[in-house]
Amino acid sequence: MGGEQAHLLVIDDDERIRTLLTRYLTSNAGFRVTGADSAEDASAKLAAVTFDLLIVDVMMPGQNGFDFVAGLRQNGNSVPVVLLTARGEAEDRITGLESGADDYLPKPFEPRELVLRIQAILNRAQRAAPAPPSVKPVRFGDFQFDIVRGELKRGEEIVPLTTGEAALLRVLARRPGATVPRAALATDGSGTPPGNALAGNASASESRAVDVQITRLRRKIEEDPRNPRYLQTVWGEGYVLWAE
């Protein structure tokens, strides 16, 4: 998906920041950009328009960014999200990922860095794994996962996944029954980290981000997430997906 085609929604109560981001993302990166000044305003726009990615400020009056994103995910909306906040502590980043965000960028930041993160997320959302037509969906329990499309189903019902969750599941599903190291999952098997678009080798925080994504996946596919049957931990090594 090229920048000129992607439509972004910037959600921030600070009009100055909304204006600056809109100008930069439009003029320098070729995105289409719409602004919203609150979670309520954003919800109204989302009901009328389909966006390719949301940029959400955490510290907003009324409903904050964490709760707004969590609400989207609970309602089955898997649109990619980048959270922006003045709070850059590790726990805040983890909270953002737990809410369902795809990436987290503390203020102040370089606009070019934001563009790179957006492009990485959009590319990951659109990238189809190279696979022959004969590749069948990977099945585990009541679920089936289409590796090429990155689509998870339970019976005929589609289970919403964030781009990060789909990227992790794709890596695991390509090697069912094999342990996949955290480092491979931190770069979604292709050099593009699901939780941090600019990271290199998996650091402790990136490994923690993978753990958070795994926890969210388990809540969607396991009857008892605390005692997983399909997506299991191999202590000290990584994770394994047990499939049929």
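Which strands does helix H6 (residues 163–174) lie across? Helix H6 lies across E6, E7 and strand E8 (151–154). The helix runs at about 95° to E7. The model is predicted.

**The chain as a whole**

The protein chain holds 8 helices and 12 strands. Chain-wide values are collected here.

| Property of the protein chain | Value |
|---|---|
| Buried residues | 48% of the 244 residues |
| Contacts between residues 24 or more positions apart | 61% of the contacts with a separation of 6 or more |
| Exposed area | about 11,800 Å² |
| Share of the exposed area from carbon and sulfur atoms | 47% |

**The sheet under discussion**

Strands E6, E7, E8 and E9 form an open sheet, in the order E6-E7-E8-E9. Pairing in this sheet is antiparallel. Strand E6 (138–140) and strand E9 (157–159) stand at the edges. Each of these two has a single partner strand, so one side of each is left without a neighbour in the sheet. On average, neighbouring strands of the sheet are turned by 30° against each other, direction ignored.

**The E6 edge**

How many bridges join E6 and strand E7? The two pair over 3 bridges, in the antiparallel sense. Strand E7 spans residues 143–146. One bridge can be named by residue: Val138 has Phe145 in E7 as its bridge partner.

**Back to the helix**

Edge strand E6 thus appears in two settings. In the sheet, E6 pairs with E7. Outside that pairing, E6 is among the strands that helix H6 lies across. Strands E7 and E8 are crossed by H6 as well.

Technical notes:
Residues numbered from 1 in each chain as written. Predicted model: local features only at pLDDT ≥ 70, side-chain atom pairs only at ≥ 80, totals over all residues. Heavy atoms only, no water. Helix = DSSP H or I, 4+ residues; strand = E, 2+ residues; numbered from the N terminus. Buried < 20%, exposed > 50% of the residue type's maximum accessible area, 1.4 Å probe, protein only. Contact = heavy atoms within 4.5 Å. Areas by Shrake-Rupley, 256 points an atom, 1.4 Å probe, with all protein chains shown as cover. Pairing = 2+ DSSP bridges. Axes fitted to C-alpha atoms, helices over the stretch in contact; angles between N-to-C directions.
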